[in-house]
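Please look through the sequence and the model below before reading on. The text that follows starts at one strand and works outward to the RNA.

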Amino acid sequence: MSDKKVRVRFAPSPTGPLHMGGVRTALFNYLFAKKHNGEFILRIEDTDQTRFVPGAEEYIIESLNWCGLTPVEGPGIGGEFGPYRQSERKDLYKKYADQLISSGWAYYAFDTPEEIDALRKEAEANKETFSYGIGTRENLNNSLKLSQEEVQQKLTSGEAYVIRFKMPEDTDVTEEDLIRGSVTFNTTKSLDDKVLFKSDGMPTYHLANVVDDHLMKISHVIRGEEWLPSMPLHVLLYKALGWEATKPRFAHLPLILKPVGKGKLSKRDGDKMGFPVFPLKWTDPQTGDISRGYREDGYFPEAFINLLALLGWNPGTDKEFFSLEELGELFSLERVVKSGSRFDPEKAKWFNKHYFQEKTVDELALLFKPVLKEKGVEAGDEKIAKVVAEIKERCEFVSDLWDQSYYFFEAPESYDEKTVSKRWKEDTPGKLSEISVLFESVSDWKAEAIKEAFSAFMNEKEWGFGVVMNPLRLSLVGGNMGPDLFVICELLGKEETIKRIQLAIEKIG
RNA sequence: GGCCCGUUCGUCUAGGGGUUAGGACGCAAGAUUUUCAUUCUUGUAGCAGGGGUUCGAAUCCCCUACGGGCUACCA
């Protein structure tokens, strides 16, 4: 490996919200940079103006920020290799395309999209695939076939053209992938003459990405496996442009697959199975469709990062929880697995639960307050903290806090039917009435004291604890959930506890 | 179809010639909690198939099957 400074880039296209697979690509780039004291750069690849989606770039940047993957150079940040939006670099690419033409590595092609489409359809009808390149280019409408005069005439008359790469014949292109090892492609067998420069004056991804990586001194190209088939084209482009000596190293990451079924993870899977596939909530500006996000679903960014890091990478130890900083110290491309990973939403929850449990009661109480406000509940900080302390361990998301504790803030409106039929006997109302009388007499309303009084009373009456405790819980909570019964009594307060017992006797009967 | 990449418990993975094939999620059972959850313990389950190479193959090679990606004037 060369000893030049490590500079990596995350280069998304602003065509919509960033997929969690994209976030993982960004993460691995970021970690690789951290590991090697290098630089992590954001570059927006917006060479296709027809696919521009308003808000997508902002979404990408906000997502990276939420995850803590902050670039050192990029749009809105600056840097000495800017601009970092390809649309703003438009004027820069043409000269490289021209250079390739004069050196014989590329040519003008005047075929219209309709003509190519027709050829494609024709081939399809014969169960063949049309490929513009070796074997077909000599018979098409381009500067290889046409005379110099004809080409010149078309050019000066302003006829639309594209510039295509002239793929050399029968050449084996071998390149070392940092994850997969040596990969070889034969040009004649698998490569066509890709368009480098479009008729609208913009470069395609292939040209822009090679030119920018070179100009931005990118040392390592770390991207998804879907780019592996175009690696030989890019390698050849570096050669054709005379940049072989400083060509970056390549690493192609395995894909994230659907939890069940075939194929890579898509937006639909999330909708279908009830988990987010995007880091942040996204509202489609065209259709108004809403896609849920990890952030809005209550995941902590550290959990999201942790689960993403372990999807396709592991440190070779049994350790499973890592901070972003730890990951930056441990990461290596050698330990990235080669095969695609199925995403498991259950394990994602487990990661969040871990980080949830690691939060202090005060931190969680702070997160809980806005939820309470939204529910129209007024409660003092002290009570909120006490409640959170009691129910924390049975929650894995901030949203669970309310589900597990609403009865501390408002009396149950209904009683769980199963619990009623199982625990509420004929003599229950009578027993509970006696308990409420007993509670009236408890002067020191603390869990310990209540329990003591209750136990003494139960022993004196020779009643079974379960026979009374369960319906009592039902009266206070509305179900069979919650922490220690006497703690609930204490937090509810004497008056409210007795009120709820009487309410349950009335309502259940 | 063509090209390329891949294949260890249901899932994420360790292991890279000699291992009782290890861990985690999930699931199940037990313990504990006079209740629910937590927690703890135990269990469950895997080298895609077939040929080689070798004293010995999950591990190296080949074939097959299966999975995945790409095959646009999209990235």
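In this predicted model, strand β1 (residues 7-10) sends the side chains of R7 and R9 one way and those of V8 and F10 the other way. All of these residues are buried. In a regular strand the side chains alternate between the two faces of the sheet. The partner of β1 is strand β2 (residues 39-42), and the two pair in the parallel sense over 4 bridges. Within this pairing F10 stands opposite L42 in β2. Together with helix α1 (residues 20-35), β1 and β2 make a right-handed β-α-β unit.

A second unit of this kind can be traced further along the chain. Strand β8 (residues 220-224) and β9 pair in the parallel sense, here over 5 bridges, and G224 stands opposite L253 in β9. Helix α8 (residues 231-240) joins them in a right-handed β-α-β unit. Strand β9 (residues 249-253) is mostly covered, with 4 of its 5 residues buried.

The domain assignment comes next. Chain A is divided into five parts: domain 1 has two segments, 7-76 and 207-257, domain 2 covers 91-197, domain 3 covers 267-355, domain 4 covers 360-409 and domain 5 covers 417-508. Between the C-alpha centres of domain 2 and domain 5 there are 82 Å.

Some loops have backbone features to note. The peptide bond that joins G82 and P83 is cis, with omega about -5°. P83 has its place in the loop between α2 (56-67) and α3 (90-102). Two residues other than glycine have a positive phi: for K127 the value is near 55°, and for D170 it is near 35°. K127 is found in the loop between α4 and α5 (148-156), whereas D170 lies in the loop between β4 and β5 (172-177). Are these two side chains buried or exposed? K127 is exposed, with a relative accessible area of 81%. D170 also counts as exposed, at 58% relative accessibility.

The remaining topic is the RNA. How many residues surround RNA strand B? There are 57, and the closest are R180, E320, R394, F465 and R473. Of the atoms of RNA strand B that come within 4 Å of the protein, sugar and phosphate account for 72%. By class, the surface near RNA strand B has 25 charged residues, 16 polar and 16 nonpolar.

Several elements contribute to this surface. At least two residues each are supplied by α4 (113-125), β4 (162-165), β6 (181-186), α6 (187-190), β13 (341-342), α12 (345-358) and α19 (465-477). The largest share, 4 residues, comes from α19.

Individual polar contacts can be picked out as well. E320, one of the closest residues, has a polar side-chain atom 2.3 Å from a sugar or linking oxygen of RNA strand B. For E45, a polar side-chain atom lies 3.3 Å from a sugar or linking oxygen of the strand. At D111 the contact is made through the backbone: one of its polar backbone atoms is 3.3 Å from a base nitrogen of RNA strand B.

Note on methods. Residues are numbered from 1 along each chain as its sequence is written. Chains are lettered from A and ligands numbered from 1 in the order in which they are written. This is a predicted model: local features need pLDDT of at least 70, side-chain atom pairs count only at pLDDT 80 or more; totals for chains, interfaces and linings use all residues. Side-chain values use heavy atoms; hydrogens and water are left out. A residue is near a molecule or strand if one of its heavy atoms lies within 4 Å of it. A polar contact is a pair of N or O atoms within 3.5 Å; within protein, one must be able to donate a hydrogen and the other to accept it, and residues adjacent in sequence count only if both atoms are side-chain atoms. Ala, Val, Leu, Ile, Met, Phe, Trp, Tyr, Cys and Pro count as nonpolar, Asp, Glu, Lys and Arg as charged, and the others, Gly among them, as polar. Domain bounds come from an automatic or database domain assignment. Buried means under 20% relative accessible area, exposed over 50%, partly exposed in between (1.4 Å probe, protein chains only). Two strands pair if DSSP finds at least two bridges between them. A crossover is right-handed if, with the strands pointing away from the viewer, the path from the first strand over the helix to the second runs clockwise.
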